[in-house]
Amino acid sequence: EIHPVVSADGSTIYYSRFPNPGVPPGEPRDLWRMNADGTDQRLVWDNPGGYPVFQPMSLLSPDELLGDVYQAPQKHVFSIRTDGTDFHLLNPSTNGGEPAPAPDGSEILYTHGQDGCGRCLWIERAAPDMSGSTAFLGSASDNYRYAAWRPDGARVAIAVVNNELIT
């Protein structure tokens with residue numbers, strides 16, 4: 001069990017899990033849920049696309065998860081309902097991942113691999129397909145990872161490849 005995401009009310013944990021014990025890394029993972037006390041573990045989505053990396057990362061709303069999947073040669077941001085329905089890629093033509101929605105849900109930060117940039121940081125106005133306006137943040141020479149918003153949405157914290165923390 002990896003990549004846990006806790007529901008806003010703290011009652012449910014969503015996570016990715018290999019379908020069978022002993023499955024080697026790189027094999028598809030499924031989406032599971034359980035109560036916060038560890039009971040009632042249930043399969044939510046069985047990864048019919050066979051994405052070798054499937055990582056729920058945050059809640060976009062009380063009933064929608066954001067995350068990223070790897071489909072060679074790119075990562076993609078996805079959303080899926082917490083009941084396992086309505087899985088779709090939000091940026092199928094972009095090599096983007098590690099989404100972090102703003103606390104009010106109006107914007108999504110994500111990393112984007114491109115020529116001349118290890119993992120650049122981008123921000124988009126939230127729209128059903130991430131088609132809102134886009135802006136590049138930071139320096140193309142940096143390798144940004146795992147952005148997290150301050151609860152009031154005024155600032156973000158970002159891990160950089162050399163382990164410095166910048167805001």
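## Exercises on rings and cores

Trp-45 is buried, having a relative accessible area of 8%. Keep this residue in view as you work through the exercises; the model is a predicted one.

**Exercise 1.** Find out how many aromatic pairs a search of the whole structure gives, and decide how the rings of Trp-45 and Phe-87 are arranged.

*Solution.* Start with the count: the search finds 2 aromatic pairs. Next, look at Trp-45 and Phe-87, whose ring centres are 4.6 Å apart. Their planes stand at 20°, and planes under 30 degrees apart count as stacked, so this pair is stacked. Finally, place the partners: Trp-45 sits in strand S4 (residues 42-45), while Phe-87 is in the loop between strand S7 (74-81) and strand S8 (88-89). The two are 42 residues apart, and the pair links distant parts of the chain.

**Exercise 2.** Work out whether Phe-87 is buried or partly exposed, then describe its pairing with Phe-78.

*Solution.* Phe-87 has 21% relative accessibility. Buried means under 20%, so Phe-87 counts as partly exposed. Its pair with Phe-78 is tilted, with 5.4 Å from centre to centre and 35° between the planes. Phe-78 itself is buried, at 0% relative accessible area. Putting the rings together, Trp-45, Phe-78 and Phe-87 make up one aromatic cluster.

**Exercise 3.** Locate the largest nonpolar core and name strands that supply it.

*Solution.* The largest nonpolar core has 11 residues, including Leu-121, Tyr-144, Trp-149 and Ile-158. Strands S11 (117-125), S13 (144-149) and S14 (156-160) each supply at least two residues of this core. Apart from it lies another core of 10 residues, and Phe-78 is among them, as are Val-5, Leu-31 and Val-44.

Definitions and conventions: Residues numbered from 1 in each chain as written. Predicted model: local features only at pLDDT ≥ 70, side-chain atom pairs only at ≥ 80, totals over all residues. Heavy atoms only, no water. Phe/Tyr/Trp six-rings, centres within 6.5 Å; stacked < 30°, edge-to-face > 60°. Helix = DSSP H or I, 4+ residues; strand = E, 2+ residues; numbered from the N terminus. Buried < 20%, exposed > 50% of the residue type's maximum accessible area, 1.4 Å probe, protein only. Core = buried A, V, L, I, M, F, W, Y, C linked by side-chain atoms within 4.5 Å.
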